[in-house]
Amino acid sequence: HGKDSVTLELQMVAPLLEEGDFLIVEDSNLDGHPAAVYPGWGPSPYDAIIEFVAMNRKLLRREMDREFKWGSTQSVAGFWTRTGVKGLSINNPLDPSQNPYLNL
């Protein structure tokens, strides 16, 4: 799986999360960062996480303690908790009207 499918999954799941709910995005170790296990895989779950969180900054809080609890993870930048900020709309990174970087 790659960036587009994970982005769509985040779009579907994010509105269902309530304050304190935990979200894990797996397989973000594939590509997109220096510690990738499959460099060249292409746009990966890691790319989806980074883009989604950048466009929805107040929605999720990264859980670094859980991410690095065992020293390594297949879910790099993949451990998140839903914040208590109310009334946030979810921005879609795949929608050109919401993401100006798609038209570059």
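A salt bridge is a side-chain nitrogen of Lys or Arg within 4 Å of a carboxyl oxygen of Asp or Glu. The model is predicted: local features need pLDDT of at least 70, side-chain atom pairs count only at pLDDT 80 or more, and totals for chains, interfaces and linings use all residues. Residues are numbered from 1 along each chain as its sequence is written, and side-chain values use heavy atoms, leaving out hydrogens and water.

**Exercise 1.** Find the salt bridge partner of Arg62, then state whether each residue is buried or exposed, or in between.

*Solution.*
- Step 1. Arg62 meets Glu67 in a salt bridge, 2.8 Å from N to O.
- Step 2. Recall the classes: buried is under 20% relative accessible area, exposed is over 50%, and partly exposed lies in between (1.4 Å probe, protein chains only).
- Step 3. Arg62 has 32% relative accessibility, so Arg62 is partly exposed.
- Step 4. Glu67 has 1%, so Glu67 is buried.

**Exercise 2.** Locate Glu51 and its salt bridge partner in the chain.

*Solution.*
- Step 1. The partner is Lys3, at 2.9 Å from N to O.
- Step 2. Helices (H or I, at least four residues) and strands (E, at least two) are DSSP runs, numbered from the N terminus.
- Step 3. Glu51 sits in helix 2 (residues 45-55) and Lys3 in helix 1 (residues 3-13), 48 residues apart.
- Step 4. Glu51 has 17% relative accessibility, so Glu51 is buried.

**Exercise 3.** Give the strand order of the sheet and name its edges.

*Solution.*
- Step 1. Two strands pair if DSSP finds at least two bridges between them.
- Step 2. The 3 strands form an open, antiparallel sheet in the order 1-3-2.
- Step 3. Strand 1 (22-24) and strand 2 (60-62) are the edges, each pairing on one side only.
- Step 4. Check one pair: 3 bridges join strand 1 to strand 3 (residues 79-82), and Ile24 has Phe79 as its bridge partner in strand 3.
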